[in-house]
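Here's a quick briefing to read alongside the structure. Have the viewer open and follow the topics in turn.

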Amino acid sequence: MTTPTPNATPCPVEERLTPFLLGDLPAADAEAVRAHLAGCAPCRALAGELEATLGLLRPALQAAGGREVPAAFPPERLALVRAAAGRAAAAPAKTTAKAGTAAWWWPLKLNRARSGTPAAGTKKRSPARADLLVSLAVLGLVAIFLGLLLPATSLSRSKVRKVASSIEVNMLELKELPPAGPPLADEMFEMAPADGSQPYSGAGPAAAGGKMNAPAVTTTPAPSVPAPAAAPRPPRPSQLPRRHRLAGVTETQMGETEKGGAGPAAAGTAGEVAEVASAWRGGTGGGGRRLEEAAKKLARQDEVLFSLDSPRDKGGLADGRVAAEAGKDADSYGYTRLRKGVTDDKLEMAQEQKARLGLDDRAEAWALAAAAPAKPATAELAQMAAKMEATQEAEVVRREVPRELREAAAVTATDLAFAPAAAAAAAPPPAPPAAPQPALADFEAEEAPTVRPFVATAADAFSTFGIDVDTAAYSQARRDLAAGRLPAPAAVRAEEFINAFDYGYAPPAGEQGFAIHAESAPSPFRPGLELLKIGVKGAQLGRDHQQPAVLTLVVDGSGSMATPDRLGLVREALKLLLDRLRADDRVALVQFSDQPRLLLEPMPAAEKGRILAAVQAMQAGGPTHLENGLRLGYATAARGFVPGAANRVLLFTDGVANLGAADAASLLRAVADSRQQGIFLSVFGVGAGAYNDKLLEQFANQGDGTYTFLDSPAEARRALVEQFAATLFTIAKDVKIQVEFNPARVESWRQIGYDNRQLTREQFRDDTVDAGEVGAGQAATALYELVLKGSPREPLGVVRVRYREVASGAMHEIQQPLTGRERHPAFAKAPARFRLAAGVAEFAEQLRESPHVAGTGLAEVEAALRPVALELHLDGSVQELLRLVTTARRLKH
Amino acid sequence: MAAENELAAPPAEAAARLEQVVAEHQAGLLRYAARFLNSAEAAQDVVQEVFIRFCRSWNPAACPAERLRFWLYSLAHNVAVDYCRRESRRRKLHEEQAALAADPGGRGEAERRHRLVLDHLDRLDPAERQVLLLRLQHGFSYREIAETTNRTEGNVGCLLHHAVKKMSRILKSQGVM
């Protein structure tokens, strides 16, 4: 083989030759390399060589056998490993010190012993004995060390009591302090967003603009304190959460926590936080009377700050500083300022900002918030905010409540101020008139809506329904059939089966929002019936019309998500989504289990590294408190609201949620309210089994969102990459369709599917009715079975589509007559896509065990779909459908 | 860290973990070490040391389970490199000849052809050898190799290319190609 002349200056592409030959390069790079190779002879020669080498190397390396490759790890060596590990447990310090040397040589020596060197045998014993002695010595030293160290760090009850009482004795000698002044500066900075674009509300929960006392709150528990004799038993020390024990809270102070029912351990909402704080402040219960008095005095003097200090922070220190500050007016929190390192210029900045925004009083800010359009939760939130006014509560919240929950509570209280301001400042679509409260469907019921019968046109010529572009039922059925079981009939929604396929509708021409395509043909399954297919296709968004996306990803982090097909699939889906986002899109990440955690503030998608790192770092564990997670998600979305962008919350969950009916109802209301603020919702379900399908569909409906079930990475790719624009960019809301049949031509009609989206004839023009939403380029298909009469030249009817355009907020209505010219004379002559739709609908009806299809079976469906699959052989989804039909047929017999 | 780990975990759990890891990874690690060092006994020693170190210093709470694989392979590489440094070439040849003498007989044409190629594998640098083995023998993706070797993916691709290029030169000079 001739050696090619080596390149004096190697081509820059050369480094990528080997990955290219191995097939590791992405398509674009591979194309570039191929193009380069076409023009560069030395590189071509090198590539040839490399290919030959790889051809030799690969089989050589991958060959399983070989003289030098041992078959398995022999058991005697495994015993050695176990022995070494056991010795490591007994003598930790020694083995870690000698990890590199003794153990390395020792087994080799044993090898030689096995192979017959007698000298090695004697050597074996002495290392072991020396090991033992040294390890005992080290263990003794470690024990002494720990014994000395532990008392200093442990917080035994008696020690804590001593320290607490010593602090209280100091406190008793302090004078009463003047009320606090302006809000704690750094709390304000925590609440103000980084870019400073949003109006500063000064209404953070920690902003204690008011007085430092909250006599209303502290005295409430006091009167309710029963006589010590009747006090309930204080909780056992083990019941106290760790943070309480560390904070020096003794069980005597916790005596009254039982009255709230929920102990401090489950501080799930801000309301409970308030309860916890008040319990700490006011709880007395059993214990020494001196302690009780001290506690009351503390409450009166609002010295909670000091009594909850860690034992390190001696009262004496606070004593000196506070006494020095006591002379200043309105500045008792000066000590707090000092402690927190709040400098004067920070405070000035904060006050300046407040003045600039014209909010010179926290009360004014709250008045502003209270003037916002009334929402059902306003009263609760305002109440919560009022409770959180007190400094000591804020301080307690700040110190003891986990940061994440504090953020959740904080944001919930402030979004009152943010959201109306944002909505007012921006120019969003005009809010629709206050919609009637969503009728809470009974999602507890397991029964499907009953299959609707044929309707005589003379009785009712109008078929009105809200559009549905979800496909979750099909994904779930696919998952069930792949697992070898038939899907539950109640979970089969025919419209979602039909919508899972692409029928090749042409997009609308001109400025219209939708194009209507209608076709009909005789039904192959029941002679005498006609199948009418109506397709509605939404407009695509051009590249320059695409709004930026502001996404809040809310991911379920509960224990049930810990399998690779759930959280792992969600991670993959998120990575796919992130690849698809543009640099000016924004992403925030919230994860929830028992508490919601904001993992990522809203940040530009250009910071892909950080986002991917956060996505990768998500772990699962704990219960599922869906409500908190969604609330934090909506609050984050409200905080990061960008007018003119597609603001959306994407929820990834397996639906196994601890939700009572009351919680679900309130959550649905919260979702509906946020929808009116312009934040949409998309729900992505993962996992199978105990999957609360109906509830999640309700959420999606209420949130003007889609509901997709991700059963595989391919489906995630389809929903988030291929259907990216459709998923994220809504072009029309409240899309309703009405078909008016001509009584002279149609004797009776039956709609296949859309069972839980039916509307009355009057609701079609009622703009307050919430119906489905359609994303850019999305299509929906509805099928009817008709009994015809009269002459074929008569029109079948009229199709009307009424929708609210998202960009402008105006309602539009388009209509198209069904002239009868779209009729195909025979089913076999109809286009393949039409026959596909018919087959899918029949499949869904069979799985649903609908009485209308009792006369036919899955065999007919298969027979009808087989030629379709042949014609559409390039469409993988059709092949998959045929496989599913075959599987279902096998499972049914 | 190791002390707390071992004192904290009950022995039964540690033993079960060891069993699981051995069962899962022994074949892959043995193949890697064998190809790296071109010697069966050495491979056994290396893998034994890897498992011992696993028992001692693997803290499941500190590291997610999917990183175990990367950790094991990188540890195997480090141990193998240490072995190379310690053992003289003379001793290795001595072992090989002994093993060869004990060889029951020729394994066939394919085996001999592979031998021709693999005997020269130790002319590569350890880093290049590692990347080559991980990619071709174990089918790691570039990202996985990057995590195992603590390099960037571009670096991995570059190393891989150099490894293959070097091998092609060696094989040509030896007349194999």
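What percentage of the 893 residues in chain A do buried residues make up? They come to 51%. Keep in mind that this is a predicted model. Below is a rundown of chain A, one of its sheets, the nonpolar cores and the cysteines.

**Chain A overall**
- DSSP runs in chain A come to 33 helices and 17 strands.
- If you take contacts in chain A between residues at least 6 apart in sequence, 79% of them join residues at least 24 apart.
- About 39200 Å² of chain A is exposed, with carbon and sulfur atoms supplying 58% of that area.

**The six-stranded sheet**
- Look in chain A for an open sheet of six strands, ordered E7-E6-E5-E8-E9-E10, where the pairing is mixed.
- Strand E7 (596-604) and strand E10 (707-709) of chain A each have a single partner strand, so they stand at the edges and one side of each has no neighbour in the sheet.
- From one strand to the next, the twist averages 15 degrees.
- At the E10 edge, strand E9 (residues 680-685) of chain A runs parallel to E10(A), and three bridges join the two.
- Phe684(A) has Thr708(A), in E10(A), as its bridge partner.

**Helices across that sheet**
- Helix H24 (residues 564-580) of chain A lies across three strands of chain A: E5 (549-556), E6 (586-592) and E8 (646-653). Its direction is at about 170 degrees to E5(A).
- Helix H25 (residues 608-616) of chain A lies across E6 and E7 of chain A, at about 160 degrees to E7(A).

**Nonpolar cores**
- The largest nonpolar core has 76 residues, and the ones touching the most other members are Leu121(B), Leu132(B) and Met167(B).
- Skipping neighbours within four places in sequence, Met167(B) is in contact with Thr53(A) and Leu57(A), and also with Val117(B), His120(B), Leu121(B), Leu124(B) and Leu132(B).
- There's a second, separate core of 68 residues, and Ile516(A), Val536(A), Ala539(A) and Val615(A) are among them.

**Cysteines**
- Searching the whole structure for disulfides turns up zero over all chains.
- Cys43(A) counts as buried because its relative accessibility is 3%, under the 20% cut-off.
- Cys84(B) has 31% relative accessibility, so this residue counts as partly exposed, falling between the 20% and 50% limits.

Definitions and conventions. Residues are numbered from 1 along each chain as its sequence is written. Chains are lettered from A and ligands numbered from 1 in the order in which they are written. This is a predicted model: local features need pLDDT of at least 70, side-chain atom pairs count only at pLDDT 80 or more; totals for chains, interfaces and linings use all residues. Side-chain values use heavy atoms; hydrogens and water are left out. Two strands pair if DSSP finds at least two bridges between them. Helices (H or I, at least four residues) and strands (E, at least two) are DSSP runs, numbered from the N terminus. Axes are lines fitted to C-alpha atoms, for helices over the stretch in contact, and angles run from 0 to 180 degrees between N-to-C directions. Contact means heavy atoms within 4.5 Å. A disulfide is a pair of cysteine sulfur atoms within 2.5 Å. Buried means under 20% relative accessible area, exposed over 50%, partly exposed in between (1.4 Å probe, protein chains only). A nonpolar core is a set of buried Ala, Val, Leu, Ile, Met, Phe, Trp, Tyr and Cys residues joined through side-chain atoms within 4.5 Å. Accessible areas come from the Shrake-Rupley method with a 1.4 Å probe; for residues, only the protein chains shown count as cover.
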